[in-house]
Every structure is written in C-alpha cells, then in structure tokens.
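This report goes from one residue to a surface patch, then to a helix pair and the protein as a whole. The sequence and structure come next.

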Amino acid sequence: MRQADRPGFDRRLLAPMLLGSVLNPVNSTIISIALVPIGAALGAPPSQTAWLVSGLYLATALGQPVVGRLIDLFGPRRLFLLSTALVGVAGVVGTAAPNLGVLIGARVLLGFGTCAGYPSAMALVRSEAERTGRDSPRGVLTALAVANQTVAVVGPLLGGLLIAAGGWRATFALNVPLSVAAVLLGLRRLPRPTEPARTRPATGEPRPGPGKNGPGADSGTPPRERPATRLDLPGMALFAATLTSLLLFLMNLHLRDWYLLVIAALAGAGFAVRELRTAVPFIDLRVLGGNTPLLATFGRALLAYTVSYSFLYGFSQWTEEGYGLTPFHAGLVQMPMFLLAIGVAVVAGRRAGVRGKLVVGALGQLAASAVLLTLTGRSALWTLVLVALIFGVPQGLNNLALQNSVYFQADPERTASSAGLLRTFAYIGSMVASSAAAASFGQRADTAGMHRLGWVMLGAGALHLLLTALDRSLGRVATADARAAADRR
C-alpha cells in the first residue's frame with residue numbers, strides 16, 4: 001500500500017490521551033502552591049507537608065510500571081477507566097480530609113489513580129503506528145510534552161486562584177470534574193479490546209512472524225496465551241517491596257532507618273533472581289540489562305527530575321515563606337518558566353534527535369541553579385522571574401527528549417511498561433528532591449535552606465550533563481527518529 005493510501009493516526013484518541021497524561025502534572029504543580037496554606041491550616045511544618053508530595057510519587061512510582069505492564073497485556077481501555085475513576089474518589093477524600101494523615105492518604109490514591117494516563121498514551125501511539133503502518137510518533141509525542149507543559153503553566157496560577165476562591169480544599173475538589181471528563185472520554189473514544197494484547201514470547205521461544213492478517217496470523221504461529229497467565233505476581237510483589245522500602249528511606253534520610261536499605265537490598269536481590277528465572281517476567285531483566293541506552297535514559301530521567309522537582313517545590317515554598325509572596329503571586333512568578341517551556345518544546349519537537357536537547361537541557365539546569373544561589377529575601381522581583389525563565393529551557397527540552405528516547409529505545413511490545421518505568425525513575429528523582437527540600441528547609445523555607453538545596457541541584461545537573469555527554473548511543477535515536485519522519489513523508 002502506498003504511503004498516501006495508508007490510514008492516519010486516529011485523532012479521536014488525542015483528547016483522552018492528553019487528559020489522562022496531565023492528571024499527574026496538574027496535581028503536582030497545584031500542590032506546590034498549596035503546601036504553605038495547608039501547613040498553616042493544619043499546623044504542619046514543611047518537613048511534614050513534604051509527605052503530600054512524597055505520598056503521591058511513592059504511589060505513582062510503584063504503580064506506573066505495574067499498570068504499564070497490565071496495559072501491555074490487556075490494552076489501555078479498562079486500566080484507563082479504572083484509574084481515572086479513582087482520581088475522582090481521591091478528590092472527594094481530599095476535599096473532606098479532617099487532618100494531614102487523611103490528606104496524605106488522598107494524595108496516595110491520586111498517585112495510583114494517575115498511573116494509567118501516560119502508559120496508555122504511549123501504548124496508543126505504538127498501536128496506532130502498527131495499525132496505520134506509519135511509525136511517525138514525533139507530532140503526537142510533542143503534543144503530549146506540550147500538554148504537560150501547558151498544564152504546568154496553568155497549574156501554579158490555577159492553584160493560587162482556587163486557594164483564593166475556596167481555600168486549599170478546592171485544589172483537591174478540582175479532581176472530581178477532571179475524573180468525570182476523563183472517564184466519559186475514555187468510554188466514548190478508547191478502542192475496545194477485540195483480542196488479548198500481543199505479548200512477547202518467553203526468552204528462547206520463536207517470535208511470531210507477520211501474516212497477511214496481521215502479526216502472528218501465520219498458520220505456524222503458536223497459539224496465544226491468555227494474558228492473565230502472563231502476570232508475574234511474585235515479581236510485582238518483590239518489585240513493590242524493593243521500591244517502597246527504598247523510597248521510604250529517601251523520604252526521610254537518616255541513619256536510624258538503615259534497616260529500610262537492608263529490606264530494599266534483600267527484596268531487590270529476590271526480585272532479580274525471580275525475573276531471571278521465570279519464563280514470563282514482569283520486567284524482563286535479560287532484555288533490559290542488554291539495553292544499555294534505555295538504562296542510561298532512565299538514569300538521566302532520575303537526575304533531570306531531581307533538579308526539576310527541587311526547583312518546583314523548593315523555589316515555590318521559598319517565594320512564599322522566604323520572600324513573602326502570596327500563593328497567587330508565587331504562581332505568577334513561575335508562569336514565564338512554563339510559557340517558555342511550551343515554546344521550546346514546540347520548536348524542538350520539529351527536529352529529530354535528542355542529544356542536543358539533553359545537553360542544552362542539562363546546561364540550562366546548571367545555569368539556573370547557579371543563579372538560584374545568588375537570590376536572597378531582598379533580591380529584586382525581576383531576578384526571581386529571570387531564574388524561572390532560565391529553568392524554562394530545560395523544562396521544555398528534557399521531558400520531550402527523554403520521552404522520545406524511550407519510545408525508540410524500548411522493546412515495542414513493552415512500550416507501556418517502559419514508559420511507566422521512565423515515570424518511575426522520574427518520581428524517584430522527585431522523592432530525592434522532596435527529601436532534599438525537607439532536609440534543607442527544616443521548619444521554615446528560608447534563604448539559607450534554598451541555597452543548600454541549590455547545591456544539591458548543581459550536583460545532580462552536573463551528573464546529568466556528564467551522563468549525556470558520554471552516551472554515544474543517543475545518535476541512534478536521531479537516526480530512528482529521522483527514519484520515522486521519512487516514513488511519514
């Protein structure tokens with residue numbers, strides 16, 4: 001079939017894809033403005049309200065690869081509907097929460113509820129490429145990145161408006177209409193699974209070949225297994241134990257919690273043994289271990305998001321407590337960063353390759369962190385805006401480049417779970433950032449604490465730049481991206 005005669009990407013999928021993928025960032029950016037009002041209302045210092053950030057990311061870091069694997073097996077529709085409905089439940093719980101403990105529980109529910117949006121979107125991009133015969137995801141992937149940046153623009157400002165109009169509880173109530181809209185769009189537009197999702201044969205088995213009626217249609221193709229039989233529940237449990245104990249240690253760094261690292265090490269060892277021995281692993285360590293470029297991308301994500309979330313939460317709290325801005329004005333200060341990030345993502349999304357984007361992104365984080373160290377409570381307001389503008393460049397580049405890297409580096413049949421793992425490493429970075437912010441600020445977000453956090457950001461940014469500069473495999477992503485663009489033409 002000629003390229004011009006092939007069907008195009010189903011545009012009806014864009015609305016649920018975009019809305020589902022932004023449910024997590026909208027809650028991330030809004031809570032950055034709401035932390036101080038919540039602390040004041042509930043009598044909790046920054047070291048305790050930091051759990052509102054960590055609770056969501058603990059749940060999401062754990063849930064994304066698990067839900068991503070389920071999407072690989074069962075398709076996105078059911079997981080998307082279940083997860084987005086849970087967002088509405090979390091919104092109700094958070095709105096009525098009587099204390100900080102219940103509020104943290106609501107944030108954990110939000111974390112699990114937002115797990116399916118991004119892996120579903122990536123799985124739909126992959127399935128549409130297979131359906132249409134056009135491996136041309138650049139425009140859709142750019143749309144996902146821009147949608148996340150757009151939400152980040154309105155998030156702090158929207159959070160300030162909601163707090164001014166209805167108090168901090170309104171920031172939780174917002175999730176109810178968002179959940180309803182996502183569920184309705186999912187019901188109307190997401191494709192119903194007509195057969196079990198295509199799964200990779202166990203290591204050593206012959207891979208099904210293409211037939212005239214689609215993948216695996218040849219008469220010699222082995223019969224499909226039921227997806228439920230390919231669920232590695234022990235592997236998932238060991239993964240959960242490893243990640244939970246590690247993240248709990250990162251949330252409150254202290255030597256008295258050394259036992260958490262021991263649990264993480266033991267569970268991790270058990271997880272590795274299980275995944276290497278089982279025929280159908282939850283995370284195929286044999287394939288992942290041989291995919292060094294993808295592992296490097298996960299490492300870059302951890303470092304890049306450590307810097308990004310340190311700024312998002314640390315700078316927001318300092319502008320309110322250390323500089324004296326209201327939540328609404330603190331949100332306004334961050335708007336230039338996200339507006340510039342949108343423009344950068346749109347322009348950069350038109351160009352193939354990721355190395356240049358990642359190098360410039362790392363340099364931008366280093367420059368902004370350095371300027372952050374010069375700010376004080378007496379700095380001119382325009383200097384705060386300047387720092388936000390500088391951070392806008394890496395905000396627009398890193399997310400787009402990391403997302404495109406995973407799409408081209410991952411096993412096509414594990415796209416959703418690989419996308420989930422990308423978010424997991426990003427959320428581990430957010431945990432490191434949250435812990436660093438809590439340790440730097442203590443009882444109050446003052447200027448000295450912000451400077452301590454700035455040095456952490458500089459270190460992570462330097463490692464990000466080094467890992468990118470030494471990774472020669474990034475050139476292959478540019479080649480794959482260019483081939484996709486040529487295929488589209």
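In which helix does Leu 187 lie? The model is predicted, and in it Leu 187 belongs to helix α8. Is Leu 187 buried or partly exposed? Its relative accessible area is 44%, and because values between 20% and 50% count as partly exposed, Leu 187 is partly exposed.

Leu 187 is also one of the residues of a nonpolar surface patch of about 410 Å². The other members are Val 92, Val 176, Val 180 and Leu 184. Helix α8, which spans residues 175-189, gives the most to this patch, with 4 residues.

A second topic is the packing of two helices. Such a pair is described by the angle between the two axes and the distance between them. For helix α9 and helix α16, the axes come within 8 Å and cross at roughly 25°. Angles under 35 degrees count as roughly parallel, so α9 is roughly parallel to α16. The table lists the residues through which the two helices meet.

| Helix | Residue range | Residues that meet the partner helix |
|---|---|---|
| α9 | residues 233-251 | Leu 243, Leu 247, Leu 250, Met 251 |
| α16 | residues 415-441 | Thr 424, Ile 428, Met 431, Val 432, Ser 435 |

As for the whole protein, it has 18 helices and 2 strands. Of its 489 residues, 57% are buried. Among contacts between residues at least 6 apart in sequence, 84% join residues at least 24 apart. The accessible surface comes to about 19,400 Å², and carbon and sulfur atoms account for 66% of it.

Terms used
Residues numbered from 1 in each chain as written. Predicted model: local features only at pLDDT ≥ 70, side-chain atom pairs only at ≥ 80, totals over all residues. Heavy atoms only, no water. Buried < 20%, exposed > 50% of the residue type's maximum accessible area, 1.4 Å probe, protein only. Contact = heavy atoms within 4.5 Å. Areas by Shrake-Rupley, 256 points an atom, 1.4 Å probe, with all protein chains shown as cover. Patch = residues over 30% accessible without salt bridge, like charges linked within 9 Å, V, L, I, M, F, W, Y side chains within 5 Å. Salt bridge = Lys/Arg side-chain N within 4 Å of Asp/Glu carboxyl O. Axes fitted to C-alpha atoms, helices over the stretch in contact; angles between N-to-C directions. Parallel < 35°, antiparallel > 145°, perpendicular 65-115°, else oblique.
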